[in-house]
Amino acid sequence: MAAGRTDGMSKALSGRALSLGLIVATVVTTTLTIWLALGLYKHREANQHRQDILAAARQSALNFTSLDYRHYDRDSANVLAGATGDFKKQFAAQTDELTQLVAQNKSVSEGQVLEAGIVRSDENSARVLVVADSKVTNTAVPKGEARTYRLQLDLVHRDGRWLTSDVEFVG
């Protein structure tokens, strides 16, 4: 009888060990799945953050390099809509003068963003370098000439949007 009892206890312990092993494996697998899912979410969130910054910088550079004397009011309004701070104040202050200059010279600039890269960014600010080409025609160059711009744009995140706070021509 003692041998039968030992076999029964052995089977019970073996069953409990198997159950405990399955519980541990389930907890470890669940924990690992949650950890990987959170990592993937953070990666996607960071990628979306970068894409939002780049999209705003590209649009701002495109607006800045695409101006037409026939509808300069609309074009300058596009620049101002994506601007903030000192850059917005400076551009707005020069709009009347630029409107006259662009109209006198019948200037048309058709911009195209070639490349954009983030130099640095955090939750509320970013610096982006943009390379843009434009074909510029005016009374002095009626057949047009190509121009390449290297711009450094500083952006800030305000009210759910990335806005350009400074533009500098570089290199």
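# Exercises on a predicted model

R70 has a relative accessibility of 56% and counts as exposed. The model used in these exercises is predicted.

## A salt bridge at R70

**Task.** Find which residue R70 meets in a salt bridge, and decide whether that partner, D68, is buried or exposed.

**Solution.**
- Start with the pair. The side chain of R70 meets that of D68, with 2.7 Å from N to O.
- Check the distance. A salt bridge requires a side-chain nitrogen of Lys or Arg within 4 Å of a carboxyl oxygen of Asp or Glu.
- Classify R70. Its relative accessibility is 56%, and exposed means over 50%, so R70 is exposed.
- Classify D68. Its relative accessibility is 8%, and buried means under 20%, so D68 is buried.
- Put the steps together. The salt bridge joins R70, which is exposed, to D68, which is buried.

## Two further salt bridges

**Task.** State how many salt bridges are counted. Then describe the pair D75 and R74 and the pair D154 and R127.

**Solution.**
- The count is four salt bridges.
- One of them is formed by the side chains of D75 and R74, at 3.1 Å from N to O.
- D75 has 5% relative accessibility and is buried. R74 has 48% and is partly exposed.
- Another salt bridge joins the side chains of D154 and R127, at 2.7 Å from N to O.
- Locate this second pair. D154 belongs to strand β4 and R127 to strand β3, so the salt bridge ties together parts that are 27 residues apart in sequence.
- D154 is buried, at 12% relative accessible area. R127 is partly exposed, at 24%.
- A general point helps in reading such pairs. Side chains of opposite charge can pair when their charged atoms come close.

## The layout of the chain

**Task.** Give the order of helices and strands along the sequence, and decide whether the chain is more spread out than a compact globule or not.

**Solution.**
- Count the elements. The chain has three helices and five strands.
- Order them. Along the sequence the pattern is α-β-α-α-β-β-β-β.
- Compare the radius of gyration with the globule rule. The chain has a radius of gyration of 30 Å, whereas the rule gives 16 Å for 171 residues; the chain is therefore more spread out than a compact globule.
- Look at the extents. The C-alpha trace spans about 115 × 30 × 25 Å along its principal axes.
- Take one pair of residues as an example. Q112 and G15 are 97 residues apart along the chain, and their C-alpha atoms are separated by 70 Å.
- Add the burial of the chain. Of its 171 residues, 29% count as buried.

## The nonpolar core

**Task.** Say which elements supply at least two residues to the largest nonpolar core, and list the contacts of V128.

**Solution.**
- Begin with the core itself. The largest nonpolar core holds 25 residues, and V128 is among those with the most contacts inside it, as are A57, V130, L151, L153, L155 and W162.
- Go through the elements. At least two residues of this core come from each of α1, α2, α3, β2, β3, β4 and β5.
- Find the main contributor. Helix α1 gives the most, with five residues.
- List the contacts of V128, leaving aside neighbours within four places in sequence. They are I53, L54, A57, A116, G117, I118, V119, L151, Q152, L153 and L155.
- A general rule fits here. In soluble globular proteins, nonpolar side chains tend to be buried together.

## A nonpolar patch on the surface

**Task.** Name the residues that make the nonpolar surface patch of about 270 Å², and state in which helix V28 is found.

**Solution.**
- The patch is made by L20, V24 and V28.
- V28 is found in helix α1, which covers residues 2–65.

## Positive phi in loops

**Task.** For K106 and D159, give the phi value; then state in which loop K106 and D159 lie.

**Solution.**
- K106 is not a glycine, and its phi is positive, near 50°.
- K106 is placed in the loop between α3 and β2. With 48% relative accessibility, K106 is partly exposed.
- D159 is not a glycine either, and its phi is positive at about 50°.
- D159 lies in the loop between β4 and β5. With a relative accessible area of 82%, D159 is exposed.

Key:
Residues are numbered from 1 along each chain as its sequence is written. This is a predicted model: local features need pLDDT of at least 70, side-chain atom pairs count only at pLDDT 80 or more; totals for chains, interfaces and linings use all residues. Side-chain values use heavy atoms; hydrogens and water are left out. Patches are made of residues with over 30% relative accessible area and no salt bridge: like charges are joined within 9 Å, nonpolar side chains (Val, Leu, Ile, Met, Phe, Trp, Tyr) within 5 Å. Accessible areas come from the Shrake-Rupley method with a 1.4 Å probe; for residues, only the protein chains shown count as cover. Helices (H or I, at least four residues) and strands (E, at least two) are DSSP runs, numbered from the N terminus. A nonpolar core is a set of buried Ala, Val, Leu, Ile, Met, Phe, Trp, Tyr and Cys residues joined through side-chain atoms within 4.5 Å. Buried means under 20% relative accessible area, exposed over 50%, partly exposed in between (1.4 Å probe, protein chains only). Contact means heavy atoms within 4.5 Å. The radius of gyration is taken over C-alpha atoms; the globule rule is 2.2 Å times the number of residues to the power 0.38.
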